[in-house]
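Visitor: I would like a close look at one part of this model, the strands and the side chains on them. Please go slowly and explain each term when you use it.

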Amino acid sequence: MNIRSLTRGDGVVIGAAVVLFIASFLNLTSAPSCSGQFCPSVAAPNAWDSLSLLMSMYLAGIIGAVLVVVGRSLPQPKKVAGLDLTQFGVAFTVFAAWTAFWTIIDAHGSGAGMILGLIATLALAAAAVASPLVGALKAPLMGAPGPAAPQPYGYPGAPQPAGGYGYPGAQQPYAAQPGDPSLGGQPQAQAQPFGAQAPAPAADLNKDSQAQPAAAAPAGDFAPFWFAVPVARPLYAEDGSPTPIAELAPGTWYLAVDQRGPGLVAQTQDGRRGVLQDTTGIQRG
């Protein structure tokens, strides 16, 4: 059975069947309007005291609801005498509503069990018949689970290769950490996108009492840094050959050792160096 194939109409059918089952234990008739010591003490019967009414109204409605729900949740409809279970179930619910309607008209003083049973059978039959026809009732009862929203590349908390090649903070056999003074870089307080302008040095107040404009960093001063690519990108040879020598994979940190025009000279796991021509969207470590 595929529970997710049930519709809102099937949910109404199930709820009405539960109400109908509860109504079968309530009084069918109201207490007689009598007062005094000569009034007879009559116990009000429920549906379980009347086998004919129990079978034709209450159990017929509950059985019909079960057939409707089971028939619509099966991957392949089960047919009996050319009719599937859903059609049999709809017929049972309509028969139960018809019986309840004429029984309450013929009754003299209907109780809570009869009134609630009529309401439940009418709702049960209406939902069973209208579920395939009304758009609001055809909507799924349980929505399918949606895929998890993809997180942007480099989102804080996203899984990173612990201690893998190029991971910032891991020991590497051939290169120092990002911001290592031995590489000529400055310690970084936070990750910056590639191409962001470095903060200008503060003016020397000992030379001039007034604040001087911050001097821009020399254009040719390149500090090696770690980076990662959002998608797989080719790495070309430094001599300008059009054939890629390696492919940079997302989720791995690489070391940028120099800048070549708009591209970067990167170093791979096995020590090969090449030019990454497409630096769009890379993340600095």
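Guide: What follows starts with one strand, goes on to its rings, and ends with the charged side chains on other strands and loops.

Two notes on reading come before that. This is a predicted model, in which local features need pLDDT of at least 70 and side-chain atom pairs count only at pLDDT 80 or more, while totals for chains, interfaces and linings use all residues. Residues are numbered from 1 along each chain as its sequence is written, and side-chain values use heavy atoms, with hydrogens and water left out.

Start with strand S3, which covers residues 225-228. Strands here are DSSP runs of E with at least two residues, helices are runs of H or I with at least four, and both are numbered from the N terminus. From S3, Phe225 and Phe227 point one way, whereas Trp226 and Ala228 point the other way. All four are buried, a word that stands for under 20% relative accessible area; exposed stands for over 50% and partly exposed for anything in between, with a 1.4 Å probe and protein chains only.

S3 has partners. Two strands pair if DSSP finds at least two bridges between them. S3 and S6 run antiparallel and are joined by 3 bridges; in this pairing, alanine 256 of S6 is the bridge partner of phenylalanine 225. S3 and S9 also run antiparallel, with 2 bridges joining them. Here alanine 228 stands opposite glutamine 283 in S9.

Tryptophan 226 can be compared with a residue of another strand. Glutamine 267 is found in strand S7, residues 263-267. In sequence, glutamine 267 and tryptophan 226 are 41 residues apart, and in space their C-alpha atoms are 10.0 Å apart. Glutamine 267 has 13% relative accessibility, so it counts as buried.

Next come the rings. Rings of Phe, Tyr and Trp (for Trp, the six-membered ring) pair if their centres lie within 6.5 Å; planes under 30 degrees apart count as stacked, over 60 as edge-to-face, and the rest as tilted. The structure holds 7 aromatic pairs. Phe222, Phe225, Phe227 and Tyr254 are linked by ring pairs into a cluster. Phenylalanine 225 also has a charge over its ring: the charged end of arginine 284 sits there, 3.9 Å from the ring centre. That description is used if NZ of Lys or CZ of Arg is within 6 Å of the ring centre and within 35 degrees of the ring normal.

What remains is the salt bridges. A salt bridge is a side-chain nitrogen of Lys or Arg within 4 Å of a carboxyl oxygen of Asp or Glu. The whole structure has 4 of them.

One joins arginine 233 to aspartate 278, with 3.6 Å between the closest N and O atoms. The two ends are distant parts of the chain, 45 residues apart: arginine 233 belongs to strand S4 (residues 233-236), and aspartate 278 to the loop between strand S8 (273-276) and strand S9 (283-284). Their surroundings can be read from the accessible area. Arginine 233 counts as buried because its relative accessibility is 9%. Aspartate 278, with a relative accessible area of 37%, is partly exposed.

Another salt bridge is formed by the side chains of arginine 260 and glutamate 238, at 3.0 Å from N to O. Arginine 260 lies in strand S6 (residues 254-260) and glutamate 238 in the loop between S4 and strand S5 (244-248), so this pair ties together parts 22 residues apart in sequence. Arginine 260 is partly exposed, at 37% relative accessibility. Glutamate 238 is partly exposed too, with a relative accessible area of 34%.

Glutamate 238 also forms a salt bridge with arginine 273, and the closest N and O atoms of that pair are 3.9 Å apart. Again distant parts of the chain are linked: arginine 273 is in strand S8, glutamate 238 is in the loop between S4 and S5, and 35 residues separate the two. At 40% relative accessibility, arginine 273 counts as partly exposed.

Taken together, Glu238, Arg260 and Arg273 are linked in a network of salt bridges.
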